[in-house]
Amino acid sequence: MTSFDDLLSQVPIAQIAAKLGVDENTATTAVQAALPTLLGGLQANATKPEGAASLVGALDNHGDLVEGEGAVDIDKVDVADGSKIVENVFGDEKNTVISALGATDGTGGSDLIAKLMPILAPIVLAYLAKQMTGGSGNTATQPQQQSDGGALGDLLGGLLGGSSKSGGIGGAIGEALAKNAGGALGNVLGGLFGGKR
């Protein structure tokens, strides 16, 4: 089943906490704030044809990270590649996004978010690749219309609306950021979406 909670269950919180030197509660809060933001950024990119094509191409390289059931092994995550993904998704707004997330209660600050995002990005792409291919790991075998971003956009939309515990992703971002970030991230994501929402 494709859902935000299913994606969250793939994220190795304990391993991330150990790698980043924080407790699991901080890691959990940071992941729960960063995941919706990454998904929102990816969805914004998928609304543009060139962004969708680039994203579908990127999925081909990440399908094998999420294998079978259970969480990803963090040692298999390519953090350098994750940094490039974050850079591509948020572009010039990357530091604004990281600062806004870092200003949210319980996330451990901007430095922690800056280290976390490149870990999460490949996991998110691997999860999307697995969902797009039904587990085969190769989006190239899918019908050509997949590359127009329609299927990918639908998948991201489902994930963004699928976190019932937090009232959907808008709720998750809103709850997480309304406290401290002064709506900065909402403005960034709004800008990414180009006013299409």
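# Exercises on a bundle of helices

Helix α3 is mostly covered, with 18 of its 23 residues buried. Keep that helix in view as you work, and remember that this is a predicted model.

## Exercise 1: Get an overview

**Task.** Find how many helices and strands the protein chain has, and what share of its residues is buried.

**Solution.**

- Step 1: Go through the elements from the N terminus; they run α-α-α-α-α-α-α-α-α-α.
- Step 2: Count by type. The protein chain has 10 helices and zero strands.
- Step 3: Turn to burial. Of the 197 residues in the protein chain, 49% are buried.
- Step 4: Look at contacts between residues at least 6 apart in sequence. In the protein chain, 79% of these join residues at least 24 apart.

## Exercise 2: Follow helix α3 from end to end

**Task.** Compare the reach of α3 with the expected value, then describe what happens at the start of the helix.

**Solution.**

- Step 1: Locate the helix. α3 covers residues 24–46, which is 23 residues.
- Step 2: Take its reach. From the first C-alpha of α3 to the last is 32 Å, close to the 33 Å expected at 1.5 Å a residue.
- Step 3: Look at the start of α3. There, aspartate 23 has a side-chain oxygen within 3.0 Å of the backbone nitrogen of asparagine 25.

## Exercise 3: Pack α3 against α7

**Task.** Work out how α3 and α7 are oriented to each other, and list the residues that meet.

**Solution.**

- Step 1: Decide what to look for. Two packed helices are described by the angle between their axes and the distance between the axes.
- Step 2: Read both values. α3 packs against helix α7 (residues 110–133) at an angle of about 60 degrees, and their axes are 9 Å apart.
- Step 3: Classify the angle. It makes α3 oblique to α7.
- Step 4: Add the handedness: the crossing of α3 and α7 is right-handed.
- Step 5: List the partners. On the α3 side are Thr26, Ala30, Val31, Ala34, Leu35, Leu38, Leu39 and Leu42; they meet Leu112, Ile113, Leu116, Met117, Leu120, Ala121, Val124, Leu125 and Leu128 in α7.
- Step 6: Think about spacing along a helix. Residues three or four places apart point the same way, because an α-helix has 3.6 residues a turn.

## Exercise 4: Two more helix pairs

**Task.** Describe the packing of α2 with α7, then of α3 with α4.

**Solution.**

- Step 1: Start with helix α2 (residues 13–20). The axes of α2 and α7 come within 11 Å and cross at roughly 135 degrees.
- Step 2: Classify this pair: α2 and α7 are therefore oblique to each other. The crossing of α2 and α7 is right-handed.
- Step 3: Name the residues. Ile16, Lys19 and Leu20 of α2 meet Leu112, Lys115, Leu116, Ile119 and Leu120 of α7.
- Step 4: Move on to helix α4 (residues 49–60). α3 and α4 pack at about 120 degrees, with axes 6 Å apart.
- Step 5: Classify again: α3 and α4 are therefore oblique to each other. Leu42, Asn45 and Ala46 of α3 make the contact with Gly51, Ala52 and Leu55 of α4.

## Exercise 5: Buried or exposed?

**Task.** Decide whether threonine 26, valine 124 and lysine 130 are buried or exposed, and look at what surrounds them.

**Solution.**

- Step 1: Recall the cut-off: buried means under 20% relative accessible area.
- Step 2: Take threonine 26, which sits in helix α3. Threonine 26 is buried because its relative accessible area is 18%.
- Step 3: Find the neighbours of threonine 26. Leaving out residues up to four places away in sequence, threonine 26 touches Gly106, Thr107, Gly108 and Leu112.
- Step 4: Take valine 124 in helix α7. Its relative accessibility is 1%, so valine 124 counts as buried.
- Step 5: Find the neighbours of valine 124. Again leaving out residues up to four places away in sequence, valine 124 touches Leu7, Leu35, Leu38, Leu39 and Leu42. Valine 124 and leucine 42 are 82 residues apart in sequence, yet 9.6 Å apart in space, C-alpha to C-alpha.
- Step 6: Finish with lysine 130, also found in helix α7. Lysine 130 has 19% relative accessibility, so it counts as buried. The C-alpha atoms of lysine 130 and leucine 65 are 9.1 Å apart, with their places 65 residues apart along the chain.

Definitions and conventions: Residues are numbered from 1 along each chain as its sequence is written. This is a predicted model: local features need pLDDT of at least 70, side-chain atom pairs count only at pLDDT 80 or more; totals for chains, interfaces and linings use all residues. Side-chain values use heavy atoms; hydrogens and water are left out. Helices (H or I, at least four residues) and strands (E, at least two) are DSSP runs, numbered from the N terminus. The expected span of a helix is 1.5 Å times one less than its number of residues. Buried means under 20% relative accessible area, exposed over 50%, partly exposed in between (1.4 Å probe, protein chains only). A polar contact is a pair of N or O atoms within 3.5 Å; within protein, one must be able to donate a hydrogen and the other to accept it, and residues adjacent in sequence count only if both atoms are side-chain atoms. Axes are lines fitted to C-alpha atoms, for helices over the stretch in contact, and angles run from 0 to 180 degrees between N-to-C directions. Angles under 35 degrees count as roughly parallel, over 145 as roughly antiparallel, 65 to 115 as roughly perpendicular and the rest as oblique. A crossing is left-handed if the near helix is turned anticlockwise from the far one by less than a right angle, and right-handed if clockwise. Contact means heavy atoms within 4.5 Å.
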